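Reader: Got a minute to walk me through this one? I'd like to start at the N-terminal end and wander from there.

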Amino acid sequence: NWAGLGQIFEQFDQNGMKILLDANKCSNPDAMGYWSDALGMYVSGWNRDCVIGTDFWDEPTQTSDIDTIASYIEAFEGAFAGKQFFVNLMPSYYDGFTTYQEFINLVEYYAATVLDNLSGQKVLGIDSYPLCHSGSTNYIRQSYLADLATIAVKAKSRGADVSYYVQTMDAETSGDTYRNLAGQADADMQYSISMAFGAKQLINFCYETPDYTGDEAFLSEAMVTAAGTPTANYTYVQNAIQRIDAMDEAYMQFDWNGVIISKGTTYDRLATGNNKNIDGYSYLSNSLFANEIAYANSYSATQKAYLTKDNLQSVTSTETTLVGCFEDDMGYNGYFLANANDTSRNNASTVTMTFDLGTDKVRVYRGTGYTDQTLSGNTLSLNMSSGEGVFVVPFKTESGYAVNLNVNGETETTFVAENGSFVLPERTVD
């Protein structure tokens with residue numbers, strides 16, 4: 001409906017939303033000729049703020065697909081300089097992969113063939129969906145964390161941003177694998193884990209329920225029905241996004257360096273069967289990136305050596321918790337914590353972080369905003385609800401300074417890092 005495209009752009013611009021223009025699933029060779037026509041019809045929208053690029057190809061499955069994608073880079077960048085050339089990669093559980101290594105190999109081939117030849121923004125993305133079930137038992141897909149880690153590590157090696165899809169419906173048309181969101185924690189958990197792996201872009205699948213019928217019909221509604229009526233999933237995702245908005249003024253200043261997995265002390269990690277998601281954590285730590293991924297309840301200096309200037313000494317938790325390790329351009333650390341245990345268990349996690357001597361303050365960002373806390377004994381303890389994400393920035397008073405701000409006629413003191421990165425929102429400190 002090309003006549004309605006301008007109205008869509010207008011709504012996105014008015015609401016501060018971003019859009020990747022679909023290249024009509026160019027993974028279908030018959031559609032390749034359509035791509036140039038589609039962009040020609042889109043062209044009046046390319047200068048709008050809401051349009052950040054194109055979703056050029058969905059789930060390439062072989063190297064020849066990637067070769068074809070690469071052949072369009074020059075034409076795209078010549079016509080649409082500064083716009084994102086995005087491709088959504090196939091997850092590891094695609095049945096065309098016989099081993100996990102084949103998935104890794106295809107990601108590397110894409111990085112070498114496409115990412116390395118982009119002169120503009122580089123983004124590496126995947127749609128690995130975690131919410132599964134077997135009969136009435138819910139579980140998290142075993143390869144979910146490993147897939148996100150594969151993308152995060154490869155993106156870091158190429159200087160690329162990370163993009164993940166978030167599962168916001170039962171993402172299948174038949175079978176007994178995927179499931180719908182069961183509650184708020186299912187949305188929170190995906191956003192939190194994605195951010196622990198350094199996500200800078202998140203895409204919801206799906207916003208509107210695809211209006212397919214018969215054998216192609218999806219098994220649940222998405223965030224809104226095909227008629228535009230919001231579902232419960234709309235509210236779950238809306239809440240999750242609002243929580244991210246409360247912390248992104250800090251989070252977006254940092255770059256991802258790696259992730260630590262705190263195993264948790266209350267759950268039997270050797271569980272099998274429908275609890276196979278628990279094995280997913282050892283699957284991540286034992287199978288991938290031994291030099292990049294540290295794994296322990298408390299970890300040694302050798303294990304954390306890859307974290308430049310890192311000042312976290314140990315971390316423990318009652319439930320399996322991811323600790324994404326970040327650093328800003330001045331070398332200050334930040335940590336994104338994600339309660340990563342199975343949301344169907346609805347368990348909170350108590351996390352204890354011990355920092356270097358001299359670390360006496362932290363700024364803790366949660367879904368409702370931030371608080372500044374003074375530490376006792378260099379240790380911070382946090383209680384995190386199921387699926388919750390928290391961003392923690394530690395400070396040492398001796399390496400920073402207190403700043404007195406005049407706020408509405410009253411003096412307000414805030415602690416600021418040495419580089420001035422952390423100020424109260426929408427206020428500037430020179």
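**Helix, sheet and pocket**

Author: Sure. This is a predicted model, and in helix α1, residues 5–14, the buried residues include Leu5, Phe9 and Phe12.

Reader: Why do those end up on the same side of α1?

Author: Because they cover an arc of only 65° around the axis, they sit on the same side of α1.

Reader: And what's exposed on the other side of α1?

Author: Gln7 and Gln14 are exposed there.

Reader: What follows α1?

Author: Gly16 does, with a positive phi near 70°.

Reader: Switching to strands. What's the order in the open sheet of 3 strands?

Author: β11-β14-β17, with antiparallel pairing. The edge strands are β11 (312–317) and β17 (379–384), and each of them pairs on one side only. On average, neighbouring strands in this sheet are turned by 15° against each other, ignoring direction.

Reader: How many bridges between β11 and β14?

Author: They pair over 5 bridges, in the antiparallel sense, with β14 spanning residues 349–355. Thr316 stands opposite Thr352 in β14.

Reader: OK, pockets. What's the volume of the second largest one?

Author: About 230 Å³. It is lined by 18 residues, and Asp188, Ser192, Arg243, Glu388 and Gly389 are the closest to its centre.

Reader: Which helix gives the most to that lining?

Author: α7 does, with 6 residues. Both α7 (184–196) and α8 (232–245) supply at least two residues each.

Reader: How does the lining split by class?

Author: For this second largest pocket, 7 nonpolar, 8 polar and 3 charged residues.

How values were computed: Residues numbered from 1 in each chain as written. Predicted model: local features only at pLDDT ≥ 70, side-chain atom pairs only at ≥ 80, totals over all residues. Heavy atoms only, no water. 1 Å grid on protein atoms, 1.4 Å probe; cavity = no way out; pocket = protein on both sides within 12 Å on 5 of 7 lines; lining within 4 Å. Points joined across faces, edges and corners; volume = space filled by probe spheres on them. Helix = DSSP H or I, 4+ residues; strand = E, 2+ residues; numbered from the N terminus. Nonpolar A, V, L, I, M, F, W, Y, C, P; charged D, E, K, R; others polar. Buried < 20%, exposed > 50% of the residue type's maximum accessible area, 1.4 Å probe, protein only. Arc of directions from axis to C-beta. Pairing = 2+ DSSP bridges. Axes fitted to C-alpha atoms, helices over the stretch in contact; angles between N-to-C directions.
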